[in-house]
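Subject: Structure for you to look at

Hello,

Below is the structure I said I would pass on. Please open it first and keep it in view while you read the notes that follow.

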Amino acid sequence: PVPTISWRKVNGHNPSKARLRKSQAVLEIPNVQLEDAGMYECKAENSRGRNVFRGQLQVYTYPHWVEKLNDTQLDSGDQLRWECKATGKPRPTYRWLKNGVPLWPQSRIETINGVLMIHSVNLSDAGMYQCLAENKYGTIYTSAELKILASAPSFPLNQMRKTIIITKGQEVVIECKPQASPKPTITWKKGDKPLRESKR
């Protein structure tokens, strides 16, 4: 006699969106998601007995960004740490490009999965960087620009006052705030002689 057919997901529940067609002989799962993956069992039985077939449903996904790159400005000598993160199945692997050319690890440059580190950046490190995340279903990109700030000390906005008048016995504060990149070392002189720290 014509068998009765039933379906079940082994180690779980049938997806709520699943449909049965053709006297339950066909199981349809629309808009398949990762959580629909698993082992499915089809059971057919009539008065003469029953038989069971199991099949594995594997779901793969295109890479998708979780964390992208952002444009960054650093002082010469600083350390850069960029991280890009993507999901996907199979798990994506990462590659890095600088100005469209593959970026390989060097003495100052490390790449570990989606992390790029450049120690003690200099003007030669400036440029457009791309992180690629890829699996066998596709490749996605995220881009960012690295700008390196490098300028000699100057006082365009914070000139020291030429004359400070103060009453004897009071405290005086003289500020030295140059613009510079990287951060400059500052020394003080009184006349031509270096100024040394004392109790005052």
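Strand 10, which covers residues 93-98, pairs with strand 11 in the antiparallel sense, over 2 bridges. To find this pairing in the viewer, look for Leu-97, whose bridge partner in strand 11 is Pro-102. Please keep in mind that this is a predicted model.

Both strands belong to an open sheet of 5 strands. The order across the sheet is 7-15-14-10-11, and the pairing is mixed. Which strands stand at the edges? They are strand 7 (72-75) and strand 11 (101-102). Each has a single partner strand, so one side of each is left without a neighbour in the sheet.

Next, the cysteines. How many disulfides does a search of the whole structure find? The search finds 1. The disulfide joins Cys-84 to Cys-131, with an S to S distance of 1.8 Å. The torsion about the S-S bond of Cys-84 and Cys-131 is about 50°, so the disulfide is right-handed. This pair links distant parts of the chain, as the two residues are 47 residues apart. Cys-84 lies in the loop between strand 8 (80-83) and strand 9 (85-89), while Cys-131 is in strand 14 (residues 127-135). Strand 14 is also one of the strands in the sheet order given above.

Are these two cysteines buried or exposed? Both Cys-84 and Cys-131 are buried. Cys-42 has a relative accessibility of 17%, so it counts as buried, the limit being under 20%. Cys-176 has a relative accessible area of 22% and is therefore partly exposed.

On the surface there is a nonpolar patch of about 660 Å². Which residues make this patch? They are Met-160, Ile-164, Ile-166, Val-172, Ile-174, Ile-186, Trp-188 and Leu-195. Take Ile-164 as an example: its place is in the loop between strand 16 (151-154) and strand 17 (179-181). Ile-164 has a relative accessible area of 32%, so it is partly exposed.

Last, the domains. The chain is divided into domain 1 (4-57) and domain 2 (62-151). How far apart do the C-alpha centres of domain 1 and domain 2 lie? The distance between these centres is 44 Å.

Regards

Terms used: Residues numbered from 1 in each chain as written. Predicted model: local features only at pLDDT ≥ 70, side-chain atom pairs only at ≥ 80, totals over all residues. Heavy atoms only, no water. Pairing = 2+ DSSP bridges. Helix = DSSP H or I, 4+ residues; strand = E, 2+ residues; numbered from the N terminus. Patch = residues over 30% accessible without salt bridge, like charges linked within 9 Å, V, L, I, M, F, W, Y side chains within 5 Å. Areas by Shrake-Rupley, 256 points an atom, 1.4 Å probe, with all protein chains shown as cover. Salt bridge = Lys/Arg side-chain N within 4 Å of Asp/Glu carboxyl O. Buried < 20%, exposed > 50% of the residue type's maximum accessible area, 1.4 Å probe, protein only. Disulfide = S-S within 2.5 Å. Domains from an automatic or database assignment.
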